[in-house]
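Please work through the exercises below with the sequence and the coordinates open beside you. Each task is followed by a solution that proceeds step by step.

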Amino acid sequence: MTRYVWDSKTFTFKDRKTGEPMKIDHPGAICAPMVMRDIPEYRSPIDGKPITSRSARREDLKRNDCVEVDPPKRPRGFKNPRFAKRHGLPLY
């Protein structure tokens, strides 16, 4: 994901690494960065150290040779077989 910083001289967002201005797909469109709030503080289940931010979480995962895993997603479909059959929909 590209990260942008605000350039107060030109009043634009610029790519943090390259310095190129943020691309605007539609001229005149309002472009704003997405802001993600930080994660709540917790203790690492591996070594018990406090994790206070996303960067601390990444460091903890790297230090303990772990990888982040997304929770499993439910398959798409319907539980009720009669409803699914009547409407021609998939079961899961």
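The exercises below deal with strand pairing, salt bridges, surface patches and chain separations.

Residues are numbered from 1 along each chain as its sequence is written. The model is a predicted one, in which local features need pLDDT of at least 70 and side-chain atom pairs count only at pLDDT 80 or more, while totals for chains, interfaces and linings use all residues; side-chain values use heavy atoms, with hydrogens and water left out.

**Exercise 1. The hairpin**

Task: Determine in which sense β1 and β2 pair, and over how many bridges.

Solution. Begin with the elements themselves, which are DSSP runs numbered from the N terminus (helices: H or I, at least four residues; strands: E, at least two). Strand β1 covers residues 4-7, and β2 covers residues 12-15. Two strands are said to pair if DSSP finds at least two bridges between them; here β1 and β2 are joined by four bridges in the antiparallel sense.

Next, read off the partners across the strands: valine 5 faces lysine 14 of β2, and tryptophan 6 is set opposite phenylalanine 13 of β2. The hairpin has four residues between its strands, and phenylalanine 11 adopts a positive phi near 55 degrees.

Finally, sort the side chains of β2 by face. In a regular strand the side chains alternate between the two faces of the sheet. In β2, Phe13 and Asp15 make up the covered face, whereas Thr12 and Lys14 make up the uncovered one.

**Exercise 2. The salt bridges**

Task: Find which residues are linked in a network of salt bridges, and describe how arginine 57 forms a salt bridge.

Solution. A salt bridge requires a side-chain nitrogen of Lys or Arg within 4 Å of a carboxyl oxygen of Asp or Glu, and the structure holds four of them. The side chain of arginine 63 meets that of aspartate 47 at 3.5 Å, N to O. This pair links distant parts of the chain, since arginine 63 belongs to helix α1 (residues 54-63) and aspartate 47 to the loop between β3 and β4 (50-51), 16 residues apart.

Arginine 63 also forms a salt bridge with aspartate 60, at 3.0 Å from N to O. Both of these residues, arginine 63 and aspartate 60, lie in helix α1, three residues apart, or about one turn of the helix. Taken together, Asp47, Asp60 and Arg63 form a network of salt bridges.

To compare the surroundings, use three classes of relative accessible area: buried is under 20%, exposed is over 50%, and partly exposed is in between (1.4 Å probe, protein chains only). Aspartate 60 has 6% relative accessibility and is therefore buried, while arginine 63, at 44%, counts as partly exposed, and aspartate 47, at 31%, is partly exposed.

Turn then to arginine 57, whose salt bridge with glutamate 68 has its closest N and O atoms 3.0 Å apart. This pair again links distant parts of the chain, with arginine 57 in helix α1 and glutamate 68 in the loop between α1 and α2 (81-87), eleven residues apart. Arginine 57 is partly exposed at 27%, and glutamate 68 is exposed at 53%.

**Exercise 3. A nonpolar patch**

Task: Identify which residues make the nonpolar surface patch, and locate methionine 1 and methionine 36.

Solution. Patches are made of residues with over 30% relative accessible area and no salt bridge, where like charges are joined within 9 Å and nonpolar side chains (Val, Leu, Ile, Met, Phe, Trp, Tyr) within 5 Å. Met1, Met34 and Met36 make a nonpolar patch of about 450 Å². Methionine 1 is found in the segment before β1 and is exposed, because its relative accessible area is 87%. Methionine 36 sits in the loop between β2 and β3 (42-43) and, at 51%, also counts as exposed.

**Exercise 4. Separations along the chain and in space**

Task: State how far the C-alpha atom of methionine 1 is from that of arginine 57, and that of isoleucine 24 from that of valine 69.

Solution. Methionine 1 and arginine 57 are 56 residues apart along the chain, and their C-alpha atoms are separated by 18 Å. For isoleucine 24 and valine 69, 45 residues apart along the chain, the C-alpha separation is 33 Å. Isoleucine 24 lies in the loop between β2 and β3 and is partly exposed, with a relative accessible area of 45%.

Note on methods
Areas by Shrake-Rupley, 256 points an atom, 1.4 Å probe, with all protein chains shown as cover.
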